[in-house]
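These are my notebook entries on a structure I had not examined before. I set down what I looked up, one topic at a time.

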Amino acid sequence: MKKLYKEYLFQKHFFVNDPHVDANTETGGVQNVQSDSRFETLFALANLFNIRITSGEKLLTPDMIRFASKELGENVPQPFYEGFPESVRALSPDRLLFDQLLHYTRTYGFGDFSEGGRSVFEEKMERTAFKEAASIKDFSVITEDEALVKLEEMVSGLLAGTRPLSDIQYQLVKEFIIDRKFTPVTIASKNTAVKLLLDTRDLRLAGGLYMSDVIRLTDEMNFLVYNNTDMKQLNLKNQDRKFITSLMNELFKAGRVDLRSCYEKKKLWNGLLHHIHYKAVSEEAQTFVNAMRGRGNESVYSEFEAAMKRRRILEAADILKKGKGTSAVLRNLNYLISRCESGEELDNLLDTLESGNVIILLQLLLRYSGTQGTGARTFAFTKHNLLKVHTETEEEQSSRRSMITAGQTAALKTKIMTMLKAALKDKLGRVYIDPDMKRYALPLQESTSQGGFGVLTRGSRLPVPDCRVIRGFTYWEKVNDIDLSVFGITEKGEAKEFSWRTMASNQSPAITYSGDVTNGFNGGSEYFDVDIEEFRKTYPDIRYIIFCDNVYSGLNFESCFCKAGYMLRDKVGSGEIYEPKTVQSSFLVNCASTFAYLFGLDLNTMEFVWLNMARSGSVAVAGTTDMSFLLDHFHTTEIINVYSFFEMMASEITEDPANAEVIVTDKETESREGQLLIREYDTEKMIALMN
């Protein structure tokens with residue numbers, strides 16, 4: 001079975017018994033092993049990783065030890081200070097600074113990256129045996145056939161979603177379609193359909209696309225194949241021009257020509273038709289070409305804007321609704337509401353909103369529950385699966401025309417919640433929902449996320465046990481310098497930096513840094529220990545902490561190997577710096593950029609918060625960009641969470657899992673045949689239900 005499949009299932013707490021992998025040779029073997037080998041494997045998994053096998057014990061094979069080691073990181077390079085954290089705290093700020101300056105002089109100054117850098121002042125320390133408390137990780141072992149059934153369910157669930165997929169989700173979908181010759185029933189996301197078309201060139205996957213989506217496809221091709229973000233400067237190869245032409249002719253043949261939507265990108269269409277030397281092959285195609293090259297513009301948005309200029313708000317909303325659907329009205333609510341001249345007009349506008357699109361309603365609920373203000377707004381959006389951030393300029397603030405009042409926002413939130421409850425009502429039968437599911441966010445905005453073990457949806461929260469330390473980590477190869485940084489954020493959005501630039505004078509029991517490694521091409525690692533109780537005492541004004549990764553060497557993460565994650569450690573600090581037993585999450589950072597937000601801490605609630613997003617651009621030094629926009633993600637579960645979502649869908653809530661048709665929990669539990677079990681990491685099942 002493909003490594004990608006096994007890795008994805010490992011994220012869902014499954015080992016796969018692969019009959020084609022032998023424990024010793026990895027070239028082929030048997031499915032069952034002797035009972036003594038099973039016992040040794042059970043012991044090794046428990047001893048090394050705190051993994052407990054809850055089912056399928058007879059299918060265990062020794063190769064699973066190696067596989068878990070690769071996923072959780074058993075052989076991780078040493079950091080700059082091998083005695084971290086104790087040895088770091090024993091050094092003065094002057095010695096810490098001198099250590100790093102000496103290291104920088106040898107590496108970046110003299111260009112000598114041949115050997116690992118180490119402190120000249122650090123005393124050698126012997127580590128005590130590992131004796132910390134570590135949480136148990138429950139896993140099941142399944143056969144290859146069972147694995148393929150689960151993968152097909154997961155792929156179908158992902159394809160049912162209208163939102164863009166994360167890179168790891170998309171890779172799974174693509175490989176499964178190609179490798180298993182899987183024919184999707186539906187591809188609900190146009191973003192996914194476009195990427196699949198580009199990767200497979202199989203026009204059978206274009207069933208959900210319309211002519212207006214050809215511009216989206218060309219833009220994606222221009223970026224992925226030619227590393228160009230400007231569609232006005234196309235320079236496509238002949239084979240790509242032929243492919244676009246074939247797709248257009250297929251869409252003409254199928255009658256999927258949404259002419260009015262194409263008018264919205266008329267200039268781009270003109271450029272594309274000229275670039276591919278398009279020649280109409282039918283009467284309908286000629287009509288389309290004439291329309292795109294003519295002077296008129298019959299787009300819905302042109303008619304909409306004309307009505308808005310005449311201050312006919314309800315008429316404008318009706319034009320959008322009839323021409324583009326209620327979803328288009330919902331996306332333009334700020335614009336519409338800001339032009340309402342009376343409370344009666346606002347009420348009439350809200351009364352026209354009828355939408356069963358759960359995804360859009362959830363997105364709007366989060367948008368209008370976020371931070372509102374009259375100052376410069378920061379907009380975070382996704383393009384090419386990377387986060388883009390734009391803060392308003394003074395000129396943009398002065399010309400802003402779509403502000404809505406706090407009262408209008410409150411009325412809108414109430415209306416959206418009413419619509420959402422109506423759209424979800426009685427979608428499920430009798431449901432048991434674990435109260436702890438209030439901690440988890442819904443998978444609405446995962447396109448910029450990295451994938452790996454322990455990764456949760458953005459905004460999800462986990463309690464940090466008392467007297468524990470969060471140890472954030474990153475380790476890498478094939479690049480000299482990756483930096484792990486921490487930023488403290490106040491309630492007002494002001495930031496304090498803890499990084500290689502500042503830590504010589506900031507090392508303390510509250511926060512400790514393992515040193516900056518700048519010669520890690522063959523293996524480097526960095527760590528931050530944050531003792532939440534001590535940090536709150538030392539920095540009382542800081543409410544949130546954010547962990548970031550950036551490639552100082554300038555390469556994108558996808559060009560090297562980098563993993564990141566966190567451990568829960570005891571204050572006694574026993575054992576090695578990297579103890580797989582204590583790893584709560586370990587994920588691959590492989591985005592097409594140099595910067596990634598990893599996770600955060602809410603110091604008031606003593607909770608760990610998932611962020612996990614790749615930021616577009618070539619930022620080589622953390623701390624040079626605004627991070628205040630991230631604070632909205634710290635409040636996601638207060639607005640909507642997995643518990644409240646399933647509560648709205650249930651026709652009946654039961655307190656007994658045995659009586660439920662659907663069980664939603666983050667605990668280890670057994671389910672009988674016919675029951676739907678949904679765990680906190682079952683994003684595919686949630687995506688299918690949201691759509």
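**Entry 1: strand β3.** I began with the two faces of β3 and found both covered: K137, F139, V141 and T143 are buried on one side, and D138, S140 and I142 on the other. I note at the outset that the model is predicted. The strand spans residues 137-143, and 7 of its 7 residues are buried. The two groups reflect a general rule, for in a regular strand the side chains alternate between the two faces of the sheet.

**Entry 2: the partners of β3.** Which strands pair with β3, I asked, and in what sense? Strand β1 (residues 14-17) is joined to β3 by 4 bridges and runs parallel to it. Strand β2 (residues 51-55) is likewise parallel to β3, with 4 bridges. I looked up one residue pair for each: N17 has T143 as its bridge partner in β3, and R52 stands opposite D138.

**Entry 3: the sheet around β3.** I then recorded the strand order of this open sheet, which is β1-β3-β2 with parallel pairing. The edges are formed by β1 and β2, each of which pairs on one side only. On average, neighbouring strands are turned by 40° against each other, direction ignored. Helix α1 (residues 3-11) packs on the sheet, touches β1 and β3, and makes about 145° with the direction of β1. Helix α6 (residues 144-159) also packs on the sheet and touches β1 and β3; its direction is at about 110° to that of β3.

**Entry 4: a sheet of four strands.** I turned to another open sheet, in which 4 strands take the order β19-β6-β20-β21 with parallel pairing. Why does one side of β19 and of β21 (676-678) lack a neighbour in the sheet? Both stand at the edges with a single partner strand each, so one side of each is left without a neighbour there. The average turn between neighbouring strands of this sheet is 30°, direction ignored. For β20 and β21, I found 3 bridges in the parallel sense, and I663 has L677 as its bridge partner in β21.

**Entry 5: helices lying across these strands.** I checked α24 and found that it lies across β6 (428-433), β19, β20 and β21, at about 110° to β19. I found α25 across β6 and β21, running at about 110° to β21. Of the 8 residues of α25 (residues 683-690), 6 are buried, so the helix is largely enclosed by the rest of the structure. Those buried residues are T683, E684, M686, I687, L689 and M690.

**Entry 6: α21 against α24.** I looked up how helix α21 (residues 406-424) meets helix α24 (residues 642-649): their axes come within 7 Å and cross at roughly 60°. That angle makes α21 oblique to α24. The contact involves M417, L420, K421 and L424 of α21, with F645, M648 and M649 of α24. I classed these contact residues as 6 nonpolar, no polar and 1 charged.

**Entry 7: residue T654.** Is T654 buried or exposed, I asked? Its relative accessible area is 11%, and T654 is therefore buried, the cut-off being under 20%. I located T654 in the loop between β19 (650-653) and β20 (662-664). The side chain of T654 reaches the backbone nitrogen of D656 at 3.2 Å. With neighbours within four places in sequence left aside, I listed the contacts of T654 as R430, V431, Y432, N659 and A660.

Terms used
Residues are numbered from 1 along each chain as its sequence is written. This is a predicted model: local features need pLDDT of at least 70, side-chain atom pairs count only at pLDDT 80 or more; totals for chains, interfaces and linings use all residues. Side-chain values use heavy atoms; hydrogens and water are left out. Buried means under 20% relative accessible area, exposed over 50%, partly exposed in between (1.4 Å probe, protein chains only). Axes are lines fitted to C-alpha atoms, for helices over the stretch in contact, and angles run from 0 to 180 degrees between N-to-C directions. Angles under 35 degrees count as roughly parallel, over 145 as roughly antiparallel, 65 to 115 as roughly perpendicular and the rest as oblique. Contact means heavy atoms within 4.5 Å. Ala, Val, Leu, Ile, Met, Phe, Trp, Tyr, Cys and Pro count as nonpolar, Asp, Glu, Lys and Arg as charged, and the others, Gly among them, as polar. A polar contact is a pair of N or O atoms within 3.5 Å; within protein, one must be able to donate a hydrogen and the other to accept it, and residues adjacent in sequence count only if both atoms are side-chain atoms. Two strands pair if DSSP finds at least two bridges between them.
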